[in-house]
Amino acid sequence: EYHCPGNPVRVRFTLPECGTDSDGWRVNAEAKGEGIRYRDLLVKEVESRVSIGKRQLSFTDLRGTTVGGEAFRLNLALSFSPFTLNVSDGELLGNPLLVETFIQGRRPKQDYRHIWQGFTWDKEHPPLFRVPALLYRQEPKGGEWHLEMRGTGEFEEVTLHEVRAKRLTLGVKLDLPGTVSVSDVVFTTDDTVVKGNVQVNTDGVPSCDFQIAAEDGGCDPRVVLRMIRPGLEKNLGTMEFASDSKVTCTGAFFLAKDPRLNLAGTVETKRWHWEDVRLTDVVAKWGLRGSEIRWDIAKATCCKGTVQSTGVYDTVTRIGSLAIEGSGASLNAMMTEFELGEAKPENEAKVALSGRVRFLRDWAGRPLQLAGTGRVVLSEGDLWRVPILSQLGDLLDVPFLRSLSLRSLGKITALRADLAFDGERVAIPNLVTDGTA
């Protein structure tokens, strides 16, 4: 598989003394060449110490430069019974895909190429890839094969699936047939550091397991998913997060058209926006299973109050359910946030709420349908003021509350209302107040 279309190779060799029938004969040589091709690798110039024996061919301190300008060095040994290829102390300054030249077999080559899908790098900053060890063994007559490789990479000004990094370091391990591992990944941008490990299982239906953490500086969870595999971020539907969110996630997916993503993790974000709901200062667990989003919000702020919520929503069927607990919210802030009326100082009150609700989005031409129960409590205000109860009536769609007038009422400081959700209707089976009438 060697071709020398350029200048002839210059060889100086020695032949150690040995018997003519000896199996241990060996020829030692020093070789230099230009314009050499080995398989698909075009080499501008190369030199090496060479040792030739009956069952082995080895190149020691093999150094060269490709026609593309990549510099490489390695030790290479070939044995022929059974066939083995052994690379040690390899180093490449340039495209790490060139290592594929020394990988035998169509399937191992394909598995190695998959590692670098989605990567692009600046030609002014070529990657440095080291291969301390690579061993390929093939049993005679097309028998079983095995490939082991260990490598490390250092990159500057690299892009992974349109996400730019100032620096990237990683480790690569091949144990084929079986697994491909990319470990100790450190992806550094101007604003954040993303760390992770990825393992691809090639037996049976190929799949990928991963662990990712973006904590130093944070990152948008959508960006983290896109770095793992473009298109996975679509599983979040219309959810939006702050760009400096602290994110961790562990999960797996199939390397197929339908990846069936399964993920669980944590997120701390200054902003979590979904449809008409805006939460701030969120601490939560999150998960994805196919098109299903799961959340467990331990702490968040909405309309100046605190919120906790656990729920699930399917972005394909648009069916979801949630449990929610909230307290200390500002009624004026809620009116402004949900565009339900004008906020005025004299209308201020505190709002607490709780409930368990199932919901449908965009079913039968209706934007939102609800089923479930809840409770709302208003306090810390002069609640018989007409504007407040009118606003509450708008919020709950209760004509009775909207019809109240100040002339017929006394004064109360607390109001508790049980809620029953039925489609687009909200019924109040029980309403309790304190104060006088």
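These exercises work through the core, one strand and a cavity of a predicted model.

**Exercise 1. Find which residues touch the most other members of the largest nonpolar core.**

Step 1. Start with the membership: the largest nonpolar core holds 97 residues.
Step 2. Pick out the best-connected members. Leu174 and Trp272 touch the most other members.
Step 3. Ask which element gives the most to this core. Strand E11 (residues 163-176) does, with 7 residues.
Step 4. List the contacts of Trp272, leaving out residues up to four places away in sequence. Among them are Met239, Phe241, Val267, Leu279, Trp295 and Ile297. Glu240 and Arg278 are also touched by Trp272.

**Exercise 2. Place strand E24 (residues 414-423) among its partners.**

Step 1. Check burial, with the cut-off at under 20% relative accessible area. In E24, 7 of the 10 residues are buried, so the strand is mostly covered.
Step 2. Take strand E23 (residues 366-379). E23 and E24 pair antiparallel over 10 bridges. Leu378 has Leu415 of E24 as its bridge partner.
Step 3. Take strand E25 (residues 425-433). E25 runs antiparallel to E24, joined by 7 bridges. Ala420 stands opposite Ala427 of E25.
Step 4. Trace the connection. A hairpin links E24 to E25 through 1 residue.

**Exercise 3. Describe the largest cavity and its lining.**

Step 1. Count first: there is 1 cavity of 30 Å³ or more.
Step 2. Give the volume. The largest cavity encloses about 170 Å³.
Step 3. Name the lining. It has 15 residues, and Phe72, Leu74, Leu92, Val99 and Phe102 are the closest to the centre.
Step 4. Assign the elements. Strands E6 (71-80), E7 (83-93) and E9 (128-138) each give two or more residues. E7 gives the most, with 4.
Step 5. Sort by character: 11 lining residues are nonpolar, 2 polar and 2 charged.

Notes. Residues are numbered from 1 along each chain as its sequence is written. This is a predicted model: local features need pLDDT of at least 70, side-chain atom pairs count only at pLDDT 80 or more; totals for chains, interfaces and linings use all residues. Side-chain values use heavy atoms; hydrogens and water are left out. A nonpolar core is a set of buried Ala, Val, Leu, Ile, Met, Phe, Trp, Tyr and Cys residues joined through side-chain atoms within 4.5 Å. Buried means under 20% relative accessible area, exposed over 50%, partly exposed in between (1.4 Å probe, protein chains only). Contact means heavy atoms within 4.5 Å. Two strands pair if DSSP finds at least two bridges between them. On a 1 Å grid over the protein atoms alone, a cavity is a set of points where a 1.4 Å probe fits but cannot get out, and a pocket is an open set with protein on both sides within 12 Å along at least five of seven lines; lining residues have an atom within 4 Å of a point. Grid points are joined across faces, edges and corners, and a volume is the space filled by probe spheres set on the points. Ala, Val, Leu, Ile, Met, Phe, Trp, Tyr, Cys and Pro count as nonpolar, Asp, Glu, Lys and Arg as charged, and the others, Gly among them, as polar.
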